[in-house]
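Trainee: I am new to this structure. Please show me how to read its features.

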Amino acid sequence: LRKREILKAIIDLASNDYLGLAENEKILDKAYTHAKKFSSHSAKASMLVNGYHPAHKLLEEYLKKINNFEEAIIIGSGFLANLAIFELGRKGDLFLVDSEYHASGIVGSKLTQAKVEFFKHNDLKDLKNKAKNYKSFKRVFVVVEGIYSMQGDLVSKEILDFAHKIGYLIIDEAHSVGVVGKSLLGVTDKYNLNPKKTIKIGTLGKALGSYGAYILANKEIILYLLNRAKSIIYTTALSPMDTLIAYYALVEIQENLNRFKKEIKIRQKTFNTNSLIKIIPAKSNEEVLKKQENLLKQNILIGAIRQP
């Protein structure tokens with residue numbers, strides 16, 4: 001049984017606010033001051049009706065520039081972004097999805113007209129086996145995460161290379177943006193991945209301390225999603241305030257890369273992990289809740305992740 005609780009602790013190790021930007025008042029002040037200049041502080045409608053706001057365009061243009069992608073689109077959440085991305089698949093296409101991919105992608109995979117195959121987590125051999133007939137499909141998409149939220153591990157570089165060899169790479173960078181890469185822009189940045197063969201999903205939550213998501217790809221793919229993806233067409237556009245908070249958070253990261261990289265290295269060394277996710281295994285739901293309770297008594301909050 002799950003319930004909503006407002007949990008407070010001196011040391012917060014449960015959130016995805018990897019860089020502490022959700023508590024950065026300077027970012028909030030900049031976003032608020034900017035938002036006050038607009039006649040409306042709400043999107044008011046879907047993006048295709050009258051919901052496309054100057055704040056959206058500002059962030060999209062900045063994302064394109066720093067990530068070196070041709071086009072970008074802002075969307076309401078990472079969950080909606082994954083629902084949208086699977087609408088790229090048509091009959092005769094193939095999605096090859098890592099078995100540890102986020103639940104939103106699992107839901108999305110059930111909505112596509114394409115064939116969907118799951119391969120063992122981060123296992124190149126099993127991926128190649130599942131892809132042995134890839135030439136018989138019109139288009140092939142390999143779907144991975146940059147850093148896996150439930151494992152804390154980075155995607156294999158060999159899998160990324162293989163994806164580009166047989167088709168398109170779809171990479172969800174929710175937990176890797178702000179954590180890895182020369183400019184802290186994720187795995188696409190770390191390995192300088194080809195933007196023409198890559199579709200990148202990023203979140204405005206997590207390290208950016210806001211809410212919402214974005215998709216980066218070539219112009220044709222973004223235009224297709226804008227015209228076909230139900231989670232873009234039939235939902236109110238993202239709040240301009242959330243968009244501006246994310247924009248100024250990104251600027252803050254880019255202007256202070258060395259400082260953030262030093263802090264990340266300290267945290268990675270402290271928790272002995274290549275990401276900023278540390279997994280503490282437990283034998284049962286009861287045990288993991290007990291671990292959380294004991295640490296909370298010491299003013300340390302961790303996330304108690306249980307089976308659905």
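Trainee: Which side chains meet in a salt bridge at 3.4 Å, N to O?

Mentor: Side chains of opposite charge can pair when their charged atoms come close. Here Glu-252 and Lys-26 do so. A salt bridge puts a side-chain nitrogen of Lys or Arg within 4 Å of a carboxyl oxygen of Asp or Glu. Glu-252 lies in helix 11 and Lys-26 in helix 1, so the pair ties together parts 226 residues apart in sequence. Helices are DSSP runs (H or I, at least four residues), and strands are too (E, at least two), numbered from the N terminus.

Mentor: This is a predicted model: local features need pLDDT of at least 70, side-chain atom pairs count only at pLDDT 80 or more, and totals for chains, interfaces and linings use all residues. Residues are numbered from 1 along each chain as its sequence is written, and side-chain values use heavy atoms, leaving out hydrogens and water.

Trainee: Is Glu-252 buried or exposed?

Mentor: Buried, at 5% relative accessibility. Lys-26, at 44%, is partly exposed. Buried means under 20% relative accessible area, exposed over 50%, partly exposed in between (1.4 Å probe, protein chains only).

Trainee: How many salt bridges does the whole structure have?

Mentor: The search finds 15. Another one joins Glu-173 and Lys-200, with the closest N and O atoms 4.0 Å apart. Both Glu-173 and Lys-200 are buried. Salt bridges with shared partners also link Lys-26, Glu-252, Arg-259, Glu-263 and Arg-267 into one network.
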